[in-house]
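Thanks for passing this one along. Here are my notes, set out so that you can follow them with the viewer open.

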Amino acid sequence: MKIKLTNISGYHSSVVNEDGNSIKVDNKSIDNPKGVSPMELLLMGVAGCSSIDIISILKKQKQHFKDLTIEVEGDREKVEQANLFRKIHAKVKFTGDVDPKKAHKACELSFTKYCSVSKMLEGKAEISFSTYVNEIKFDTT
């Protein structure tokens with residue numbers, strides 16, 4: 001796996017992968033940033049990685065959701081000169097005809113076992129999730 005970053009101007013850069021797909025990155029502390037911050041990219045990685053796992057698991061279980069959204073929020077703490085994520089929480093929301101228990105289990109498997117991004121963050125940040133099906137929060141208790 002390989003990417004290439006090319007600076008456009010100031011902090012604004014373009015990052016391209018080997019397949020030619022690109023995103024823009026920038027410094028969020030300036031006025032009018034023209035891209036996402038590297039720390040936002042990390043949260044996007046958690047959402048993207050877990051979505052692939054969750055979709056794959058639910059397809060195998062013949063669960064058909066209409067929509068899937070994942071909102072990921074990170075709480076940062078200053079450690080030396082860096083601001084690190086200490087807590088990351090994902091709200092995984094489904095609509096459609098999907099069994100809440102199966103949806104929740106798919107999320108659990110993703111965040112605790114399969115998602116490479118979440119696994120990379122283990123020991124650095126507490127990662128949690130909640131599952132909603134048709135706007136109702138699924139509670140395992």
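The points below go from the whole chain to single residues.

1. A word on the source before anything else: this is a predicted model. Please read every value below as computed from that model.

2. Let's start with the overall layout. The protein chain has three helices and seven strands, and their order along the sequence is β-β-β-α-β-β-α-α-β-β. Along the principal axes, the C-alpha atoms occupy a box of roughly 50 × 35 × 30 Å.

3. Next, burial and contacts. The protein chain has 141 residues, and 30% of them count as buried. If you take the contacts with a separation of 6 or more, 48% are between residues 24 or more positions apart.

4. For the surface and the charges, two values may be handy. The accessible surface is about 9,500 Å², with 52% of that belonging to carbon and sulfur atoms. There are 22 positive and 19 negative charges in the protein chain, and the mean positions of the two sets lie 4 Å apart.

5. Now to the strands at the start of the chain. Strand β1 (residues 3-9) pairs with strand β2 (residues 12-17) in the antiparallel sense, over six bridges. One bridge to look for links L5 with V15 in β2. The two strands form a hairpin with two residues between them, and G10 in that turn has a positive phi of about 55 degrees.

6. Strand β2 also pairs on to β3. Four bridges join β2 to strand β3 (residues 22-25), again running antiparallel. Here S13 is opposite V25, while V15 is opposite I23. V15 is thus worth a click, as it is also the bridge partner of L5. This second hairpin has four residues between its strands, and G20 in the turn shows a positive phi of about 90 degrees.

7. Is H12 buried or exposed? This residue sits in strand β2, and it counts as buried because its relative accessible area is 11%, below the 20% cut-off. Setting aside neighbours within four places in sequence, H12 is in contact with N7, K24, V25, D26 and K34. As for S22, it is 10 residues from H12 in sequence, and the C-alpha atoms of the two are 13 Å apart.

8. Helix α1 deserves a look of its own. This helix covers residues 38-60, which makes 23 residues. From its first C-alpha to its last, α1 reaches 33 Å, close to the 33 Å expected at 1.5 Å a residue. Just after α1 comes K62, with a positive phi of about 55 degrees.

9. Which residues of α1 are buried? They are L43, V46, A47, C49, S50, S51, D53, I54, I57 and L58. You may like to colour D53 in particular, an acidic residue that is listed among the buried ones. The cover over the buried residues of α1 includes two strands, β4 (64-79) and β5 (82-97), together with the helices α2 (100-114) and α3 (116-121).

Methods:
Residues numbered from 1 in each chain as written. Predicted model: local features only at pLDDT ≥ 70, side-chain atom pairs only at ≥ 80, totals over all residues. Heavy atoms only, no water. Buried < 20%, exposed > 50% of the residue type's maximum accessible area, 1.4 Å probe, protein only. Contact = heavy atoms within 4.5 Å. Areas by Shrake-Rupley, 256 points an atom, 1.4 Å probe, with all protein chains shown as cover. Lys, Arg positive; Asp, Glu negative; His and termini not counted. Charge placed at Lys NZ, Arg CZ, Asp CG, Glu CD. Expected span 1.5 Å × (residues − 1). Pairing = 2+ DSSP bridges.
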